[in-house]
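Dear colleague,

I am passing on a structure for you to look through, and my notes on it follow below. Please keep it open beside this message while you read.

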Amino acid sequence: MNVILIAVIVLGVVGLVSALVLFLASKKFAVWEDPRIKQVSDFLPQANCGGCGYPGCSGFASACVKAAEGGSLSDLNCAPGGQAVMEQIAGILGLQASAAAPKVAVVRCQGTCDVRPHGVEFDGAHSCKVQNMTGMGETLCQYGCLGEGDCASVCLFGAITVNPATRIAEVDESKCTGCGACAKTCPRGIIELIPQGPKNRKVVVLCNNKDKGALATKECKVSCIGCGKCVKVCEKFEAITLGTNLAHIDPDKCKMCRKCEEACPRGAIKAFNFPPRKPKAEVPAAEAPKPTPKLEVVKETVQSEAPPTNKVETTKE
Amino acid sequence: MKTFRIGGVHPAENKLSAGSPIREAALPKQAVFSMFQHIGAPAKPVVKKGDVVKVGTLLGEAGGFVSAPIYSSVSGKVSKVDVALDASDTRRMAVYVDVEGDEWEESIDRSDALVRLEDRPDLDAKTIVEKIKQAGIVGMGGATFPCHVKLCPPPGEKAECVIINAVECEPYLTADHSLMLEKADEILVGVALIMKAVGVERGYIGIENNKPDAIALMQEKVKAYPRIEVVPLKVQYPQGGEKQLIDAVIARQVPAPPAIPISVGAVVQNVGTAFAIYEAVMKNKPLISRIITVTGKSVKNPSNLLARLGTPFSQLIEECGGLPADTGKIIGGGPMMGKALISLDIPMTKGSSGLLIMNEKEARRAEPEPCIRCAKCVGACPMGLEPYLLAKISSQNMWDEAEKECIVSCIECGSCAFICPSHRPLLDNIRLGKSTVMGIIRERVAKK
């Protein structure tokens, strides 16, 4: 009996002392955290995608609270949450949310197997990064989609997949939150984030080929050759600029007239989510076949038929 | 018998073209000279469309100190200066020459007469290095590092010996072997020139003992050169790596980068480079041709060809009996370190030591399986690294970790991928990590 009593007393005293120490320590070393961080964090999607540029949602929440002290949330945006979440956050912090246009990713390559044949097969590590490092990849275009799916593997929302038939990455706009993880990962910088546009409509140059016209024509049937026809039809709005043999449409200036899509002799410009065009019977002149652009033919720059199945990379025998 | 201490593998040698004499390849119809035939700054084209060039005419001047000029290996007319696909699998600036006849610059001595070092007492170290620099000579083993840079030690470093790399540890390749059998005298003059250029008294020629005829011949010829010694080495891949060769021959270890071989007193040059140096200094001939092994199990006549630079690979394959029907992969270089080519129109460059044609069966890589932690890659790595770890952290973009694990020390020999029983593409990922980390380091240095 005595033994049990002693044990209970000893443990009880040890427990009391520990409780006291813990209580004092929690008072003495308490770290004050702004309760608003927790509140903001509760509204975030908890995807931890990193699209905002902060380490996860809690990092973003603290950044929001910190920015609120500065009086503006304009530099912050939660892509998966979108405008709704940003407004709620602004409400908690007593601020006005700035209107940020929601963005989606577009894969700027249409080089499917039919228009851009895979002359060789890559049998190294299945990663776009590795394949890009070794050089051209499987096709003759050194700017196009490699189709190994590095973008698909980083997408937390299942919005981007590589179509096995075309070997091109495709974005599901309904799932894309515009976090930009795919764009950061793509070793060729093919994926671009652009504003979703009114009614999801947008006009994009779906090509990343910076080679000269003659070479670009050989590499892919739907490549941008930098002919500048789109720039001409867009003179009024100046939305299209010509970089290194490659046209680019500024989504902020684009008026969605789709003239450039018509003008492009290569079919490299595509308009998304527009209703089908009305038949143009009343303007017969427009039906006339467009003259193919005159190109300087460069002989023997690229061999058109590569050997059947040689692959890139070191091998062991 | 000597060899290096850590790691190494022994792939099947397959030296199919050993013993076949050097044949001169026919002139191409059009030669393409890439301006990126060496490590360092690319050469700058100095010719334009329509210019008439001869064999030995300068096409591109060196683009900096670590760079090399490029000379025409054919005579004819420049048809254009444009991008061309090269053996690195990218399109880069090149000069296209349509070949007409075979006219040489008059300054080049085309006779076969051997010029000994004693015949040219006027040559001092500075002149030799200058001539090598002017001739555009680069490391002929495949690394293509401009030769004159290695012969100008950085301040504070002193060379103690010259080691000639005649190891040729890559399976299949026999270019250096055949060169030693046919041009032994010229090579030894070349070695003597290198020794004079760096001012050392000791020269070694490291040869693996799977080339007994070359060892015997060189040992016979070297009797006239008391300061040069032939060192037979045990067959072990990658003995031809600079650091491995230094370890094998003089038993010194080069520390991790930024240390270079000269830090332990060694200057390593390939045997092909020694021959090119002889021709450049004694015959005034710039680097316009080299020996290339065209080989493969299905190739009709595996041969060692003396081909002009700029010749398309397709022509070299024709010379050896055409492209076999069961071709699965065409590799520029050897099977361990070479790179598969995506087109046969790619022209040969200063670093083209071999052209290996693999049949479909041997070309196909096995499907990778999970790592079983057997550590065979760790045992095989000649640099004492942990390949399985480097590959993993590279594929996960952990660049800081990769740098800590000394990924930049990797010599990309491929021993790890060769030995892996799970066929994991270790080297693919390590290469990715190495190039990324090197980029990060360069950026950091540039910022400072």
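I begin with one residue in chain B: B:Glu182 touches B:Pro21 and B:Ile22, leaving aside residues up to four places away in sequence, where two residues are in contact if their C-beta atoms, placed from the backbone, lie within 7 Å. Before going further, please note that this is a predicted model, in which local features need pLDDT of at least 70 and side-chain atom pairs count only at pLDDT 80 or more, while totals for chains, interfaces and linings use all residues. Residues are numbered from 1 along each chain as its sequence is written, and chains are lettered from A and ligands numbered from 1 in the order in which they are written.

B:Glu182 belongs to helix α3 of chain B, residues 175-182; helices (H or I, at least four residues) and strands (E, at least two) are DSSP runs numbered from the N terminus. Because B:Glu182 has 17 C-beta neighbours inside 10 Å, it counts as partly exposed, a class lying between buried (20 or more other C-beta atoms within 10 Å of the residue's own) and exposed (12 or fewer), with C-beta atoms placed from the backbone. Its C-alpha atom is separated by 12 Å from that of B:Asp112, although the two residues are 70 apart along the chain.

Chain B also has a pair of helices in contact: the axes of helix α11 (residues 387-395) and helix α14 (residues 426-447) come within 8 Å and cross at roughly 60°, the axes being lines fitted to C-alpha atoms over the stretch in contact, with angles running from 0 to 180 degrees between N-to-C directions. That angle makes α11(B) oblique to α14(B), since angles under 35 degrees count as roughly parallel, over 145 as roughly antiparallel, 65 to 115 as roughly perpendicular and the rest as oblique. Among the residues making this contact are B:Tyr388 and B:Leu390 of α11(B) and B:Ile430 and B:Leu432 of α14(B).

On a wider scale, the domain assignment, which is automatic or from a database, gives chain B domain 1 (117-283) and domain 2 (376-447). The centres of these two domains, taken over C-alpha atoms, are 29 Å apart, and six residues of domain 1 are in contact with seven residues of domain 2.

Chain A, finally, has eleven helices and eight strands, and buried residues make up 38% of its 317 residues.

With best wishes
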